[in-house]
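Hi everyone, thanks for making time this morning. I'd like to walk you through a structure that may be new to you, so please have a look at it with me.

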Amino acid sequence: MRVTADEATTTYATARADLLSREGAPGADRRRALTALTDDWLHALYVASGAGDIGAALVAIGGYGRGELAPGSDLDLLLLHSPNVATSDVTAVADRLWYPVWDAGLRLDHSVRAPAEARRLAAQDIKVVLGLLDSRTVVGNDALTKQMRESVLGDWRALAPRRLDELRLGVTERIERSGELAHLLEPDLKDSYGGLRDIVSLRAVAASWVTDAPVAALAPHRDVLLDVRDALHLVAGRATDRLLQQEQPAVGRRLGIDDDDPADVLLRRVSAAGRAVSYAAETTWHRVERLTRRTGVRAGLAATTRRLRGSRSERAPLADGVVVQDGEAVLAADARPEKDPVLVLRAAAAAAQAGMRLAPHAVERLARDSAPMPQPWPESARDSFVSLLGAGRPAIPVWEALDQSDLWSRLLPEWAVVRSAPQRNPVHRFTVDRHLVETAVQAAPHTRRVTRPDLLLVGALLHDIGKGRPGDHTENGVALVREICPRLGFPPEDVDVLAAMVQHHLLLPETATRRDLDDPATVAAVAAAVGDQDVLDLLHALTEADAAATGPAAWSDWKKSLIDDLVVRTRAVLAGRPRPEQPHVTAAQRRLADAVRATSEEGVAVLLDHEAGSTIATVTVAAPDRTGLLSTVAGVLSLHRLAVRGAQIDTVTTPEGARRAVQVWTVSPAYGEPPPLERLREDVARGIAGALDVAGRLAAREQAYPPPTGTAPPRVDIVPGASERATVLEVRAHDAPALLHRVSKAIAAADVSVSAARVATLGSEVVDVFYLVDRDGAPLSETRAATVRVTVLGELSR
């Protein structure tokens with residue numbers, strides 16, 4: 001018996017209402033049931049309309065084509081017909097199809113096309129092609145649907161580079177309009193970046209064959225977002241994709257979240273899903289750009305062919321166990337993460353410092369195979385960690401890559417609590433974990449202002465680590481830092497400073513904006529709390545970074561002026577602290593200098609201390625003191641690819657009155673093991689004798705590497721009153737090959753001697769202090785000191 005359109009519609013409306021009113025959380029089963037129910041109804045309408053008589057196909061496109069119907073979804077339908085069917089016949093059939101849908105109260109997005117017409121429109125409108133890529137026949141002539149889909153898909157692949165640029169532009173515009181799903185208090189589940197529309201875009205990228213897109217891996221995250229949208233439609237009683245705060249508790253309960261704060265748990269789930277989608281999108285779009293930017297169709301297809309054939313491009317070394325391939329950081333063929341627990345941090349730091357991403361397959365292998373990190377962390381692990389944080393903006397995609405593989409929660413178990421934790425304060429633009437990473441990024445440009453850039457970066461990352469737990473987040477944070485930082489390998493005195501940074505991270509902004517700065521008690525209280533100038537400087541830099549990471553509303557010229565005023569006043573109270581004296585030479589260094597003297601008046605001694613398997617070595621050099629010696633030795637170490645992590649340089653006078661320079665270098669080989677002692681000793685001697693063109697060889701090698709970008713400018717200061725016997729020059733800069741050689745060479749060119757030096761590389765930041773004297777061994781005049789400062793700054797700025 002043939003069912004009329006009215007009968008089919010009545011039956012469908014009853015069954016649909018019953019399905020949507022059932023108890024229990026929405027889910028994929030209910031969406032499949034709703035899709036099947038709607039298919040059956042449309043099948044009946046198709047028969048009743050006579051669409052079969054003209055050989056038409058009723059095609060579901062978009063979300064309906066994918067089987068993702070939500071309670072308030074549109075029905076996106078295409079009536080596909082042969083071109084030789086009369087227009088009047090097609091129009092009559094379409095009317096008999098569409099009116100029952102409208103009568104049922106459902107929203108309908110409909111079109112009537114021949115396959116060639118659908119193909120033409122797809123070539124003109126990116127939205128059309130996205131819908132048709134997910135088309136399926138509900139009922140009718142499936143051959144028409146296949147013809148249309150194959151032609152649209154063929155055009156999409158043939159013109160992929162150009163069309164993907166168009167799609168990417170739309171994504172960018174949508175980000176500006178709708179923000180990032182993971183960090184919004186009221187996200188749009190479809191249009192916010194990381195939402196459902198981005199999954200559709202990734203399906204289109206995968207269909208283009210330009211590069212892979214992890215569509216299947218995103219299925220659980222897609223289901224989370226679809227479930228939340230279904231529950232939102234049911235709670236709101238209307239079609240909406242924006243998850244408003246007032247509806248979040250009810251949506252959480254509708255999803256079966258049994259918690260005192262279902263809205264908080266709900267937002268964590270949405271944020272985690274959005275982050276996974278946005279990370280996959282960023283990675284995919286990065287590869288699309290790399291594969292198509294050289295131009296277009298032919299190069300894009302060539303890149304695709306190479307990928308399908310599994311060809312490997314040339315690899316260039318980036319760090320020990322890390323190489324560059326196709327513009328991404330990947331693991332070297334001989335890398336063994338199961339035996340090298342520091343590799344995960346070394347790879348992350350190397351990628352971020354080079355402004356690159358970690359390739360997804362490298363992250364997968366690190367997540368699968370990495371050995372547990374020793375406790376406390378080795379110095380090389382802590383150094384790589386700080387270097388990652390100091391890379392600035394490029395650190396974010398690298399951090400996110402490791403986070404998506406749950407590596408941070410393994411390295412820092414406390415991180416799991418803040419991960420994707422929402423901040424209900426509208427001033428904040430990020431979740432707690434992203435805010436912490438963003439604060440470290442914002443702190444990187446301030447590393448020149450503090451004595452310990454490593455503590456600034458780590459303190460910035462951990463300043464709100466106490467959030468997401470019951471109780472006061474500052475008190476929680478102090479306790480957590482005292483647990484975390486010893487595991488990271490920080491000594492007790494550094495842990496105390498980091499704990500003070502967390503404890504007082506709100507001290508300056510709250511005091512400056514809430515207290516009378518003219519009251520002496522106000523400044524005295526701040527001075528008593530911070531204790532010394534170094535902590536004050538760290539808090540000052542952290543305050544600015546924290547505000548920048550929070551959002552525009554957290555900072556203003558007025559607030560900055562108040563905080564700067566408070567810092568100046570507090571610095572005056574603390575100004576009476578003792579100045580550091582010029583350091584003394586150790587007994588071991590004196591013994592080495594005496595041994596050199598006993599050997600020969602012109603003798604040069606070089607010692608190398610290195611334990612097998614260690615990434616750190618000590619090189620000790622003793623030689624007759626002369627201008628330019630520091631530059632020469634630093635250059636030779638750089639030629640041997642020994643990165644200077646620290647150095648202590650002093651000058652001693654033997655009983656006979658001869659002056660000997662004693663240099664103790666802490667170095668780290670860029671690759672593998674340090675060079676043999678004999679080679680190192682020979683090159684140091686040749687460099688000192690002038691037989692080795694150190695500067696020329698370094699300059700030639702430097703030309704092969706692009707200069708770093710996005711780093712804070714160098715800073716060079718004369719520190720007044722720091723020593724009675726010498727002029728103290730302090731240099732702060734981003735680490736670079738042969739940096740110390742260049743600085744010390746500039747000092748030597750000014751005809752100034754270095755009587756002592758303290759060199760430290762903290763992550764990717766250098767803090768070098770030089771004690772300078774003139775030919776008579778006296779401190780420099782004010783004019784000459786200023787000239788040296790300008791000379792060194794000029795060398796660093798070139």
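Before the first pair of helices, a word on axes: an axis here is a line fitted to C-alpha atoms, for helices over the stretch in contact, and the angle is taken between N-to-C directions, from 0 to 180 degrees. Two packed helices are then described by the angle between their axes and the distance between the axes. Please keep in mind that this is a predicted model.

Let's start with helix α9, residues 196-208, and helix α12, residues 262-292. Their axes lie 10 Å apart, and the packing angle is about 35°. The crossing of α9 past α12 is left-handed. Which residues meet there? From α9 we have D198, I199, L202 and V205, and from α12 there are V277, A280, A281, T284, W285 and V288. Sorted by class, this contact holds 8 nonpolar residues, 1 polar and 1 charged.

Now to another pair. Helix α29 packs against helix α31, residues 694-702, at an angle of about 40°, again with axes 10 Å apart. Why do we call α29 oblique to α31? Because angles under 35 degrees count as roughly parallel and 65 to 115 as roughly perpendicular, an angle of about 40° falls in the oblique class. This crossing, too, is left-handed. On the α29 side, the contact involves T632, G635, V636, S638 and L639, while α31 brings V694, R697, L698 and R701. The class count for this contact is 4 nonpolar, 3 polar and 2 charged residues.

Let's move on to the cavities. How many are there of 30 Å³ or more? The structure holds 6. The largest has a volume of about 140 Å³. It is lined by 17 residues, and those closest to its centre are R626, G628, L629, L630 and V754. Here we meet α29 (629-639) again, as one of the elements that give two or more residues to this lining. The others are β11 (642-653), β12 (659-669), α32 (739-749) and β15 (753-762). By class, the lining of the largest cavity divides into 8 nonpolar, 7 polar and 2 charged residues.

The second largest cavity has a volume of about 100 Å³. Of its 15 lining residues, A182, H183, L184, P422 and T431 are closest to the centre. In this lining, 8 residues are nonpolar, 6 are polar and 1 is charged.

That's my tour, and thank you for listening!

Terms used. Residues are numbered from 1 along each chain as its sequence is written. This is a predicted model: local features need pLDDT of at least 70, side-chain atom pairs count only at pLDDT 80 or more; totals for chains, interfaces and linings use all residues. Side-chain values use heavy atoms; hydrogens and water are left out. On a 1 Å grid over the protein atoms alone, a cavity is a set of points where a 1.4 Å probe fits but cannot get out, and a pocket is an open set with protein on both sides within 12 Å along at least five of seven lines; lining residues have an atom within 4 Å of a point. Grid points are joined across faces, edges and corners, and a volume is the space filled by probe spheres set on the points. Helices (H or I, at least four residues) and strands (E, at least two) are DSSP runs, numbered from the N terminus. Ala, Val, Leu, Ile, Met, Phe, Trp, Tyr, Cys and Pro count as nonpolar, Asp, Glu, Lys and Arg as charged, and the others, Gly among them, as polar. Angles under 35 degrees count as roughly parallel, over 145 as roughly antiparallel, 65 to 115 as roughly perpendicular and the rest as oblique. A crossing is left-handed if the near helix is turned anticlockwise from the far one by less than a right angle, and right-handed if clockwise. Contact means heavy atoms within 4.5 Å.
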